[in-house]
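User: I would like to learn how to read a structure feature by feature. Can we start with charged contacts and then move outward?

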Amino acid sequence: MSTCPHNSKPEDIVHEEGAQLDFSRDMSYGDYLNLDAILNAQKPLSPAHDELLFIVQHQTSELWMKLMLHELHAAIRLIAADELQPAFKMLARVSKIMEQLVHAWDVLATMTPPEYSAIRPYLAQSSGFQSHQYRCIEFAMGNKNAAMLKPHQHNAERLAVVRAAYEAPSLYDEALRLLARRGLAVPQSHTQRDWTQAYEASDEVEQAWLQVYRHPKDHWDLYQLGEELTDLEDAFRLWRFRHVTTVERVIGFKRGTGGTGGVSYLRKMLDVVLFPEIWRLRTEL
């Protein structure tokens with residue numbers, strides 16, 4: 001028995017619905033998304049079946065990171081302009097993108113050590129450690145490190161993008177400047193500083209955030225900002241942790257292709273706290 005309404009044949013449904021089928025003169029789905037370029041961007045170098053998984057995993061992650069940077073940069077600009085409500089939506093979206101990237105590691109984790117070993121020689125020195133978009137995300141989140149400019153010195157255009165992120169105020173820097181504009185006692189050392197330097201936690205900044213958290217009704221949007229930042233770092237930690245466990249599962253404690261210690265380096269990165277006072281204040285509440 002046919003499952004189609006009015007006994008229509010499956011091949012007739014598209015005609016009955018008036019679906020457009022001729023795209024000789026109009027933009028199609030593939031045209032809009034530039035799918036020919038995207039789907040032909042995978043160029044495996046080895047004969048191994050699993051290399052396509054490895055390439056697609058990292059290419060899609062880079063696309064998500066492109067969107068993440070789009071949202072982060074816009075949120076930073078809005079916070080600097082005291083427009084918090086749209087910034088909150090963007091920060092929530094960044095957290096969701098990070099959740100997506102956490103689950104993406106589940107797919108790569110289906111690659112076994114022998115399968116990765118078959119493609120590893122073909123990677124040469126290429127590594128996710130060299131991702132300029134990831135570096136821009138870290139810089140935008142406040143983890144500044146001048147040494148991380150060096151992997152991009154061979155490409156002037158890419159270096160300019162990473163350097164701009166390195167020299168700009170981070171998301172947290174702009175959040176603290178906002179607190180100061182609202183009359184909270186954030187020291188000048190944290191509102192007018194060299195943005196290229198790694199952030200150092202401050203007891204005075206913690207007290208400013210504590211005032212927000214102790215009187216949320218008086219500072220509701222700042223209170224919400226603090227929780228958006230907490231959500232964001234929570235998601236970022238999960239992303240980093242899933243990266244570590246996947247790498248250990250696939251390569252153990254071998255050195256990374258980019259020259260780092262691999263798992264040992266990634267575990268050290270787990271200890272980096274981006275918004276320290278927002279986490280510390282919870283002990284005081």
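**Reading the features**

Analyst: Asp221 and Arg182 form a salt bridge, with their closest N and O atoms 2.8 Å apart. The two lie 39 residues apart in the chain: Asp221 sits in helix 11, Arg182 in the loop between helix 9 (171-181) and helix 10 (203-214). This is a predicted model, where local features need pLDDT of at least 70, side-chain atom pairs count only at pLDDT 80 or more, and totals for chains, interfaces and linings use all residues. Residues are numbered from 1 along each chain as its sequence is written, and side-chain values use heavy atoms, leaving out hydrogens and water.

User: What is a salt bridge here, and how many does the count come to?

Analyst: A side-chain nitrogen of Lys or Arg must lie within 4 Å of a carboxyl oxygen of Asp or Glu. The count comes to 14 salt bridges.

User: How many helices and strands does the protein have?

Analyst: Helices (H or I, at least four residues) and strands (E, at least two) are DSSP runs, numbered from the N terminus. Here there are 13 helices and zero strands. The C-alpha trace spans about 70 × 55 × 40 Å along its principal axes.

User: What volume does the largest pocket have?

Analyst: A pocket is an open set of points on a 1 Å grid where a 1.4 Å probe fits, with protein on both sides within 12 Å along at least five of seven lines; lining residues have an atom within 4 Å of a point. The largest pocket has a volume, the space filled by probe spheres set on the points, of about 1400 Å³. Of its 50 lining residues, Phe54, His58, Ser127, Gly128 and Phe129 are the closest to the centre.

User: Which helix gives the most to that lining?

Analyst: Helix 4 does, with nine residues. Elements giving two or more residues also include helix 5 (84-108) and helix 11 (220-251).
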